[in-house]
Amino acid sequence: MPVQPGVVRFRAYRRYEALRVEASNALMGLLAGAQLSNHLLQLNRGSDRLLPEVYPNVPHIRRFNLTAEAASDILAEADVHLGAMSIAYVLALHEDSLKTCLGMAAEAGLISRRRARDTRSAGQHEALQQACGSRIDSLPLEQLAVLRRMRNAVIHDGGRVDRGLVDAIAALSPGAVLAWRKASGSDPSGLAPGDVLRLGHGEMLLALAVTKTVDRACNGLLQIGLPRDHWIREAVSDALVEHPSARRSGTALRKCHGFARHHYGPLRLSRAEVESELVHHRDD
């Protein structure tokens with residue numbers, strides 16, 4: 001069964017989207033800030049004065065107790081350091097989101113709670129696909145597998161390439177390699193065991209793009225896999241949390257149905273379905 005078009009923005013998904021935007025803005029801000037600072041320091045190149053002397057009012061500047069030239073050389077490499085850190089950051093957010101998706105599948109009885117809780121990051125997508133009875137495009141999953149191994153190399157092996165990473169890169173389909181080159185401007189195919197990874201702005205953009213694509217596909221899996229009554233309960237409960245006064249003011253049906261149309265649009269929840277669920281809420 002094909003993955004559903006459109007995104008259902010349930011509460012946890014909205015929270016994750018906000019975190020993604022925050023992370024993306026922070027990473028791009030840090031990168032731009034490093035380049036702006038590097039540009040500013042060009043004015044002081046050749047000077048023997050240390051930065052705390054030149055910019056005494058900048059917070060924490062004493063921790064960067066270097067000449068402008070030495071500091072500029074470091075900032076010129078900020079792209080590499082941010083690239084390495086950003087992949088870990090972005091994948092951590094993605095893997096946490098997948099835990100939420102697996103938890104929802106467990107609540108609906110599609111997967112055991114233990115498997116939802118204990119599945120490691122490398123198996124999360126397969127577990128969700130099996131639970132929901134559908135598959136998603138393999139191309140971004142191939143890229144994600146390589147990004148995960150790159151993240152592990154940075155965290156566990158000092159950024160050195162191992163055989164597992166080389167094999168994962170070799171397993172990429174031609175389409176996945178082409179898409180990687182297009183998104184990042186780099187080609188991972190030349191890496192060999194023992195090489196030191198130099199991840200940069202391109203890989204940062206790739207990680208953000210790939211995780212966004214996979215997140216939307218997993219959202220589609222949930223649309224297919226979760227029973228309709230689960231979504232109705234989710235939408236009404238979500239709406240009542242957002243509009244707690246609606247029940248007391250007698251506008252609950254209008255508010256909840258409007259909320260469902262806006263955030264749960266692809267499911268096309270009817271007014272009658274929402275009304276029926278509200279009756280259950282009043283009875284509880």
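Arg268 sits in the loop between helix 13 and helix 14. This is a predicted model, and in it Arg268 comes out as exposed, with a relative accessible area of 72%. The backbone here is a bit unusual too: phi of Arg268 is near 50°, a positive value in a residue other than glycine. For context, most residues other than glycine have a negative phi. A second residue of this kind is His60, which has a positive phi of about 65° although it is not a glycine. His60 is also a loop residue, placed between helix 2 (51–54) and helix 3 (68–76). At 65% relative accessibility, His60 counts as exposed, because the cut-off for that label is over 50%.

Back at Arg268, one of its contacts is worth following. Glu273 belongs to helix 14, which covers residues 271–283. Once neighbours within four places in sequence are set aside, Glu273 touches Arg228, Ile232 and Arg268. Another residue to look at here is Arg233: along the chain, Glu273 and Arg233 are 40 residues apart, yet their C-alpha atoms are 9.6 Å apart in space.

Next come the pairs of packed helices. Two packed helices are described by the angle between their axes and the distance between the axes. Helix 11 (residues 228–242) and helix 13 (residues 252–263) pack at an angle of about 115°, and their axes are 9 Å apart. Angles from 65 to 115 degrees count as roughly perpendicular, so that is the label helix 11 and helix 13 get. The crossing of helix 11 with helix 13 is right-handed. On the helix 11 side, the residues that meet helix 13 are Ala235, Val236, Asp238, Ala239, Leu240 and Glu242, and their partners in helix 13 are Cys256, Phe259 and Ala260. Sorted by class, this contact has seven nonpolar, no polar and two charged residues.

Helix 10 (residues 201–225) takes part in two more pairs. With helix 6 (residues 124–132), helix 10 packs at an angle of about 25°, with the axes 9 Å apart. Angles under 35 degrees count as roughly parallel, so helix 6 and helix 10 are roughly parallel to each other. Their crossing is left-handed. Helix 6 brings His125, Leu128, Gln129 and Cys132 to the contact, while helix 10 brings Val214, Cys218, Leu221, Leu222, Ile224 and Gly225. Of these residues, seven are nonpolar, three are polar and no residue is charged.

The other partner of helix 10 is helix 9 (residues 174–184). Helix 9 and helix 10 pack at an angle of about 120°, with their axes 8 Å apart. That makes helix 9 and helix 10 oblique to each other, and the crossing is right-handed. Here Trp180, Ala183 and Ser184 of helix 9 meet Gly202, Glu203, Leu205 and Leu206 of helix 10. The class count for this contact is four nonpolar, two polar and one charged.

Trp180 turns up again in connection with helix 7, the helix that holds Gln143. Gln143 has a relative accessible area of 4%, so it is buried, the cut-off being under 20%. With neighbours within four places in sequence left out, the residues in contact with Gln143 are Leu172, Ala176, Ala179, Trp180 and Val210. His156 is in helix 7 as well, but His156 counts as exposed, at 59% relative accessibility. His156 and Arg114 are 42 residues apart along the chain, and their C-alpha atoms are separated by 27 Å.

Just along from there, Asp137 is found in the loop between helix 6 and helix 7. Asp137 has a relative accessibility of 52% and therefore counts as exposed. Asp137 and Thr213 are 76 residues apart in sequence, but 9.5 Å apart in space from C-alpha to C-alpha.

Helix 7 (138–156) also matters for the picture of helix 8 (residues 163–170). In helix 8, the residues Leu165, Val166, Ala168 and Ile169 are buried. They cover an arc of only 160° around the axis, which puts them on the same side of helix 8. Helix 7 is included in what covers these buried residues.

How values were computed
Residues numbered from 1 in each chain as written. Predicted model: local features only at pLDDT ≥ 70, side-chain atom pairs only at ≥ 80, totals over all residues. Heavy atoms only, no water. Axes fitted to C-alpha atoms, helices over the stretch in contact; angles between N-to-C directions. Helix = DSSP H or I, 4+ residues; strand = E, 2+ residues; numbered from the N terminus. Parallel < 35°, antiparallel > 145°, perpendicular 65-115°, else oblique. Left-handed = near helix turned anticlockwise from the far one by under 90°. Contact = heavy atoms within 4.5 Å. Nonpolar A, V, L, I, M, F, W, Y, C, P; charged D, E, K, R; others polar. Buried < 20%, exposed > 50% of the residue type's maximum accessible area, 1.4 Å probe, protein only. Arc of directions from axis to C-beta.
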